[in-house]
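Visitor: Got a minute to walk me through this one? I'd like to begin with strand pairing.
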Amino acid sequence: MSRRERERTGGSAKGAAGAKGAGKGAGKGAGRGPVSPVTVTVCRGCCCGTREKHPGVDHAGQYERLRTAVGDAGRVRAVQCLDTCAHSNVVVVGPSSEGRAAGGRPVWLGWVLADDMIEEIAAWVHAGGPGLADPPGMLDLQQISVSRRVGAGLPG
């Protein structure tokens, strides 16, 4: 049984680790609170989110519409640059802890420029996100592959 499985299920191996006292990582996961939600990371601050590259897009309005549409079903955050500028605007939908346990991994979406895509992303978050629900509508066509270096650089 892995450490994460023991923490999730309260497995008996936890007692052995906890007996070592308050060392580094002792009791990790205990009293942690609610599970982590689906996280939507929106690239902003470089070419994504700028009028120079996409002059017809209301980037600030798009971000606020996404935050409103996702609501309490997930977390929406903006970051400076995800280093995939050729695919701007880029959005990464990360699984909730439950979705990750079910095999879900972050899904990178490129060319997120239209309002219907914002609605589809929000619908996916409400349905459970990666690992728990398939992407709705045309989102599967927007999926992009990124290098491990870029993927590992995602904050949080």
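Guide: Sure. This is a predicted model. Strand S1 (residues 38-43) and strand S2 (residues 74-79) run parallel, and six bridges join them.

Visitor: How does the chain get from S1 to S2, and what is the handedness of the crossover?

Guide: The chain passes through helix H3 (residues 59-70) on its way from S1 to S2. This β-α-β crossover is right-handed.

Visitor: Which residue in S2 is the bridge partner of Cys43?

Guide: Val79.

Visitor: Cysteines, then. How many disulfides does the structure hold?

Guide: Zero. Cys43 is in none, and the nearest cysteine sulfur belongs to Cys48, 3.7 Å away. The cut-off for a disulfide is 2.5 Å between sulfur atoms, so a pair has to be within that to count.

Visitor: Is Cys43 buried or exposed?

Guide: Buried. The relative accessible area of Cys43 is 1%, and the cut-off for buried is under 20%.

Visitor: And what is the relative accessible area of Cys81?

Guide: For Cys81 the value is 39%. That makes Cys81 partly exposed, because that class lies between the 20% and 50% cut-offs.

Visitor: Switching to helices. What should H5 span, at 1.5 Å a residue?

Guide: Helix H5 covers residues 115-127, which is 13 residues. The expected span is 18 Å, because the rule multiplies 1.5 Å by one less than the number of residues. The end C-alpha atoms of H5 are 18 Å apart, so the two agree.

Visitor: Which residues of H5 are buried?

Guide: Met117, Ile118, Glu120, Ile121, Ala122, Trp124 and Val125.

Visitor: A Glu in that list. Noted. What covers the buried residues of H5?

Guide: The cover includes S1, H3 and S2. It also includes strand S3 (91-94), strand S4 (107-109) and helix H6 (139-142).

Visitor: What follows H5?

Guide: Gly128 does, with a positive phi near 125°.

Visitor: Zoom out. How many helices and strands does the protein have?

Guide: Seven helices and four strands. Along the sequence, the pattern reads α-α-β-α-β-β-α-β-α-α-α.

Visitor: How much of the protein is buried?

Guide: Of the 156 residues, 36% are buried. The accessible surface is about 9000 Å², and carbon and sulfur atoms account for 52% of that.

Visitor: Last one. What share of contacts join residues at least 24 apart?

Guide: 66%, counting contacts between residues at least 6 apart in sequence.

Conventions: Residues are numbered from 1 along each chain as its sequence is written. This is a predicted model: local features need pLDDT of at least 70, side-chain atom pairs count only at pLDDT 80 or more; totals for chains, interfaces and linings use all residues. Side-chain values use heavy atoms; hydrogens and water are left out. Helices (H or I, at least four residues) and strands (E, at least two) are DSSP runs, numbered from the N terminus. Buried means under 20% relative accessible area, exposed over 50%, partly exposed in between (1.4 Å probe, protein chains only). Contact means heavy atoms within 4.5 Å. Accessible areas come from the Shrake-Rupley method with a 1.4 Å probe; for residues, only the protein chains shown count as cover. Two strands pair if DSSP finds at least two bridges between them. A crossover is right-handed if, with the strands pointing away from the viewer, the path from the first strand over the helix to the second runs clockwise.
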